[in-house]
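Visitor: I would like to be guided through this model with a few questions, taken slowly and with the reasoning spelled out.

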Amino acid sequence: MRKKLRICAVAVLAAACVAGASLADAATITPQEKKLIRAAKKEGGVVILNPLFSDRTSKKMGPAFIKRYGLGDGFKFRNVRKGTGSTVAQVRQEIKAGKFTVDIHLVSAPGFFHAAVKRGAFLKLDSGKWKELVNVVEKAGQYHNYPYIVTPLAYSFQPVWNSSCPGLKDFKVTSLFDVVHPSLTGKTIVTDITKSFTTTNTVIGLTEAGVDMSDFWKRMKATKPIVMFRTEPRIQTVINCERPVDMFNLTGRIYQNVLKKPSLAKIIKSSHFKEGQVMLGNQAGVIKGSPHPNAGKLLLEFLMSKEGTDIYVGNEAIYSFRENYTPPENVRPFLMDLSKVKLIGLKDWVAAQRSFKKVRGEWLKVFK
């Protein structure tokens, strides 16, 4: 008993026993986190709205979050996953009505967050973890608006293909223009950029990097592609060899299918463009008026910690902006090494939205 008391006394100095956290984690818990733990316990739950975290991720993230901070068995973690546009629409409606069901909003929507912060819709943060990400975020040209909005993670649209399909055994992609080679006629998918602001932002980013997208669209049209939108059905089309080359998909989709059928790891390939990869940072903030504001702030800190990052990167195969971060071994084959890739951001993420009509109009001229 005395031995246990001595151990706890040491832990109290590290604020671990008080917080209920494990001794191993005590040194990594910041003063900002310690301030939030007691209030988060009283609030009893947290809700995060996002388009990314699957049920598989949620089932691991919730228990790990609760355990790290000793929040107790009665604490409720809820992950709500909707489409990108749907998450923005819901939070807009809740802000307008002044009635809130969500604590954290996580999505790639710089224009929305910029306008919402100007309206005072997000709480001010005091983060001990943001400093571990901000350098990489800014190097990658990403939008953030700290102390209200942080950008913990990202995805990027990459070329994906099925090497087992006819004519693709030795196919490789190093340039964007490799996916419009005449030999790929009848084998390609073109993304419908009119239905996605993340894809539209990707096109804007590539254009700002010097790529002639007007010429690219004409060459793509010559391959007689099919037009598709969502990444999930597109990856199935690639797997089935119906259209084995997709110009813009997510390597996380490969990983999700490899979990179901491991043999796909040998044939479904991905790469990156030498012209650069547009990183689509997902911003996050705690909504003012939310039911669990302190728990929301604490969950944001968890998402930026190595432990939290390992959970969503290891289950979704998406990218973290943590400095000097090494992804879990199981997803490394599906992710780019960001230190070796030309990363593209937008010159002005907020102003870019004004270019959507023009950029999409150029696409529509080719793919009516």
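The questions and answers below concern a predicted model.

Visitor: Is Gln90 buried or exposed?
Guide: Gln90 belongs to helix H6, which spans residues 84-97, and beyond its neighbours within four places in sequence it is in contact with Leu49, Lys82, Thr101 and Val102. Its relative accessible area is 13%, and because the cut-off for this class is under 20%, Gln90 counts as buried.

Visitor: Which helix gives the most residues to the largest nonpolar core?
Guide: That core holds 120 residues, among which Phe53, Phe65 and Trp217 touch the most other members. Leaving aside neighbours within four places in sequence, Phe65 is in contact with residues including Ala295, Leu298, Leu299 and Phe302. The helix that gives the most to the core, with 7 residues, spans residues 293-304 and is H13.

Visitor: Which strands stand at the edges of the sheet?
Guide: The open sheet is formed by 6 strands with mixed pairing, in the order S2-S1-S3-S11-S4-S12. Each edge strand has a single partner strand, so one side of it is left without a neighbour in the sheet. The strands at the edges are S2 (76-81) and S12 (319-320).

Visitor: Which residue of S12 is the bridge partner of Ala154?
Guide: Strand S4, residues 150-155, runs antiparallel to S12 and is joined to it by 2 bridges. In S12, the bridge partner of Ala154 is Tyr319.

Visitor: What angle does the direction of helix H7 make with that of S11?
Guide: Helix H7, residues 110-118, packs on the sheet and touches both strand S3 (104-107) and strand S11 (280-286). The direction of H7 makes with that of S11 an angle of about 25°.

Technical notes. Residues numbered from 1 in each chain as written. Predicted model: local features only at pLDDT ≥ 70, side-chain atom pairs only at ≥ 80, totals over all residues. Heavy atoms only, no water. Helix = DSSP H or I, 4+ residues; strand = E, 2+ residues; numbered from the N terminus. Buried < 20%, exposed > 50% of the residue type's maximum accessible area, 1.4 Å probe, protein only. Contact = heavy atoms within 4.5 Å. Core = buried A, V, L, I, M, F, W, Y, C linked by side-chain atoms within 4.5 Å. Pairing = 2+ DSSP bridges. Axes fitted to C-alpha atoms, helices over the stretch in contact; angles between N-to-C directions.
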